[in-house]
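Q: Please take a close look at one part of this structure. I would like the aromatic contacts and their surroundings, and then the strand pairing.

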Amino acid sequence: MVTFTAINDRPFLDLNGNASGVDFAVTLREQQGPVLLAAPDAFVIEVDNVTLARATIRITNLLDGAYESLRVSDVRDYSDDITARMLTVTNIYPMQVYDNTTGILVVSGLQTVAEYEKVLRTTRYNNVIDEPHTAARRIEFVLSDGLLDSDAAFATVTLDGVNDSPYFHAAVAVAMPHVAEDVQDASNAGLSVEELLLPLVGDDDTDSVLGLAGVGIEA
């Protein structure tokens, strides 16, 4: 007689769907809004169970703190509910909790493999800071069937910065020297246009401004 002993295999996640490899890549343009972290045909395989218990999604290099976020759709969002952090993963209702201090999103609840697959396809990354760190973000995905974790799959987010226009500081006051009429010496020179205007100019992308142009004088 031959006795077979069942072995619980790890879940498997492919973020790239039918394309080559299991990892996914996307570009986020500054101030664009959230981008998806998985292909529309991303898939999950679980050969031993019809359900999964948890998905943990982590920004491995969180550089802009609370300005960065991860979210999924079609689940209850308890990110701002401190009591949700104590709920067990066997809760039958799928939920998400995002911790903006660690960059970790946990989606939990005993649900079918198909349901987790659908939810993971909606995973989004966003960064709302005006001048983000442009280092690519590496987002780690790990699934659990309640006993074993899957091998990690990764989504890489390339951040594309935008060159913003220079601007004038509305609240900056420039001290104006007294200039005596008809006195022609260095002590009575006043301010150059550059000295007058440069303190008023800001640029979030660079520490210098190449030039100023006067386009009109208001009497």
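A: What follows starts at one aromatic residue and then turns to the sheet.

The model is predicted. Start with phenylalanine 12. Phenylalanine 12 belongs to strand S1, which covers residues 12-14. Is phenylalanine 12 buried or exposed? Neither label fits: its relative accessible area is 36%, so it counts as partly exposed. The cut-offs explain this, because buried means under 20% and exposed means over 50%.

Next, its ring. Searching the whole structure turns up one aromatic pair. The partners are phenylalanine 12 and phenylalanine 43. Their ring centres are 6.3 Å apart, and the planes meet at 40°. That makes the pair tilted, because stacked needs planes under 30 degrees apart and edge-to-face needs over 60. Which parts does the pair tie together? Phenylalanine 12 lies in strand S1 and phenylalanine 43 in strand S4 (residues 43-45), so the contact links parts that are 31 residues apart in sequence. Phenylalanine 43 is partly exposed too, with a relative accessible area of 23%.

Phenylalanine 12 also has a place on the surface. Together with Ile45 and Val47, Phe12 forms a nonpolar patch there. The accessible area of these residues together is about 260 Å². Phenylalanine 12 can join such a patch because its 36% passes the required relative accessible area of over 30%. Phenylalanine 43, at 23%, falls short of that cut-off, so it is not eligible for a patch.

Another aromatic ring has a charged neighbour. Arginine 138 lies over the face of phenylalanine 154. The distance from the ring centre is 3.7 Å.

Now the sheet. Three strands make up an open sheet, in the order S3-S10-S6, with antiparallel pairing. Which are the edge strands? They are strand S3 (35-36) and strand S6 (68-71), each of which pairs on one side only. Take the S6 side. Strand S6 pairs with strand S10 (residues 124-127) over four bridges, in the antiparallel sense. There, glutamate 68 stands opposite asparagine 127 in S10. Take the S3 side. Strands S3 and S10 run antiparallel and are joined by two bridges. Here valine 35 stands opposite tyrosine 125 in S10. As a general point, side chains in a regular strand alternate between the two faces of the sheet.

Key: Residues are numbered from 1 along each chain as its sequence is written. This is a predicted model: local features need pLDDT of at least 70, side-chain atom pairs count only at pLDDT 80 or more; totals for chains, interfaces and linings use all residues. Side-chain values use heavy atoms; hydrogens and water are left out. Patches are made of residues with over 30% relative accessible area and no salt bridge: like charges are joined within 9 Å, nonpolar side chains (Val, Leu, Ile, Met, Phe, Trp, Tyr) within 5 Å. Accessible areas come from the Shrake-Rupley method with a 1.4 Å probe; for residues, only the protein chains shown count as cover. A salt bridge is a side-chain nitrogen of Lys or Arg within 4 Å of a carboxyl oxygen of Asp or Glu. Two strands pair if DSSP finds at least two bridges between them. Rings of Phe, Tyr and Trp (its six-membered ring) pair if their centres lie within 6.5 Å; planes under 30 degrees apart count as stacked, over 60 as edge-to-face and the rest as tilted. Buried means under 20% relative accessible area, exposed over 50%, partly exposed in between (1.4 Å probe, protein chains only). A charge sits over a ring if NZ of Lys or CZ of Arg is within 6 Å of the ring centre and within 35 degrees of the ring normal.
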